Amino acid sequence: MKKIFLFVCILGATLFINFDAQAQKFPKMDVSPMDAAAYPSNWRNADKMVKVIYSRPQLKGRSLDKLAPEGKVWRTGANEAPEITFYSDVTFGDEEISAGTYSLFTIPNGENWTVILSNQKNIWGSYFYNQEEDVVRITANVSSSEEPIEAFSIMFDGEEEDNTTMFLGWGNTVISVPVSKK
């Protein structure tokens, strides 16, 4: 009986130590969580025209020009540069773009923001941005929102199946770029 009791105790201790050694230590939640926007936005529609994955920084009392300085290349969000995927050939602004995945950068300039699609992928921030990798640069429409937008956001809105507008909003600034299938 003592041998069985000893065996059960050793077995229990071994299992306890084994489970504890394999416990995962998950990192804390990112303060600028990743998000995605797609068109069509209905999750039931698998035939997407465009999808962008980006991180969402928040103003938290700071000014937009401090976080996205005027005249400098900005990663268009937080952390990694956003990646935008076009599932078919499109017209982005007024430029023809082939289907594929590109990094999305912007250059804030008051009333004239430049939106950049780059061949660079999987890069953190804009620290390693290389203008030679640009696919296209377009000038985007800039408007103001009535309500301040605390967390940087990207969305698509469109009435027609093959036409949409990509909106980038933060603070009271909204940038818009038309996107349509070719």
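A pocket, on a 1 Å grid over the protein atoms alone, is an open set of points with protein on both sides within 12 Å along at least five of seven lines, and its lining residues have an atom within 4 Å of a point. That is the term for the first exercise.

Before you start: this is a predicted model, so local features need pLDDT of at least 70 and side-chain atom pairs count only at pLDDT 80 or more, while totals for chains, interfaces and linings use all residues. Residues are numbered from 1 along each chain as its sequence is written, and side-chain values use heavy atoms, with hydrogens and water left out.

**Exercise 1. The largest pocket**

Find out how many residues line the largest pocket and which of them lie nearest its centre.

Solution.
- Step 1: Start with the space, which comes to about 250 Å³. (A volume is the space filled by probe spheres set on the grid points, which are joined across faces, edges and corners.)
- Step 2: Go round the wall: 16 residues line this pocket, and Leu-67, Trp-74, Arg-75, Gly-77 and Ala-78 lie nearest the centre.
- Step 3: Sort the lining by type, and you get eight nonpolar, five polar and three charged residues. (Ala, Val, Leu, Ile, Met, Phe, Trp, Tyr, Cys and Pro count as nonpolar, Asp, Glu, Lys and Arg as charged, and the others, Gly among them, as polar.)
- Step 4: Pick out Arg-75, whose charged end sits over the ring of Trp-124, 4.7 Å from the ring centre. (For that, NZ of Lys or CZ of Arg must be within 6 Å of the ring centre and within 35 degrees of the ring normal.)

**Exercise 2. The second largest pocket**

Work out which strand gives the most to the lining of the second largest pocket.

Solution.
- Step 1: The volume here is about 160 Å³.
- Step 2: There are 14 lining residues, with Met-34, Ile-53, Ala-81, Pro-82 and Glu-83 nearest the centre.
- Step 3: β2 (50-55) and β3 each supply at least two of the lining residues. (Strands, E, of at least two residues and helices, H or I, of at least four are DSSP runs, numbered from the N terminus.)
- Step 4: The top contributor is β2, with five residues.

**Exercise 3. Aromatic pairs**

Describe how Trp-74 and Phe-152 pair up, and say why the pair ties together parts far along the chain, 78 residues apart in sequence.

Solution.
- Step 1: Count first: a search of the whole structure turns up nine aromatic pairs. (Rings of Phe, Tyr and Trp, its six-membered ring, pair if their centres lie within 6.5 Å; planes under 30 degrees apart are stacked, over 60 edge-to-face and the rest tilted.)
- Step 2: Trp-74 and Phe-152 are edge-to-face, 5.3 Å centre to centre with 80 degrees between the planes.
- Step 3: Trp-74 lies in the loop between α2 (64-67) and β3 (83-86), and Phe-152 in strand β8 (residues 134-157), so the pair ties together parts that are 78 residues apart in sequence.
- Step 4: Check burial: Trp-74 is buried at 7% relative accessible area, and Phe-152 is buried at 2%. (Buried means under 20%, exposed over 50% and partly exposed in between, with a 1.4 Å probe and protein chains only.)
- Step 5: Widen the view: Tyr-54, Trp-74, Trp-113, Phe-152 and Trp-170 form one aromatic cluster.

**Exercise 4. The cavity**

Which strand supplies the largest share of the lining of the largest cavity?

Solution.
- Step 1: The structure holds one cavity of 30 Å³ or more. (A cavity is a set of grid points where a 1.4 Å probe fits but cannot get out.)
- Step 2: The largest cavity has about 40 Å³ of space.
- Step 3: Its lining includes Trp-74, Trp-113, Phe-152 and Trp-170.
- Step 4: Strand β9 (residues 163-181) supplies the largest share, five residues.
- Step 5: By type, the lining has seven nonpolar, two polar and no charged residues.

**Exercise 5. Thr-76 and its contacts**

Is Thr-76 buried or exposed, and what does its side chain reach?

Solution.
- Step 1: Place Thr-76 in the loop between α2 and β3.
- Step 2: Its relative accessible area is 0%, so Thr-76 is buried.
- Step 3: The Thr-76 side chain reaches the backbone oxygen of Leu-104 at 3.4 Å.
- Step 4: A polar contact of 3.1 Å also joins the side chains of Thr-76 and Thr-106. (That is a pair of N or O atoms within 3.5 Å; within protein, one must be able to donate a hydrogen and the other to accept it, and residues adjacent in sequence count only if both atoms are side-chain atoms.)
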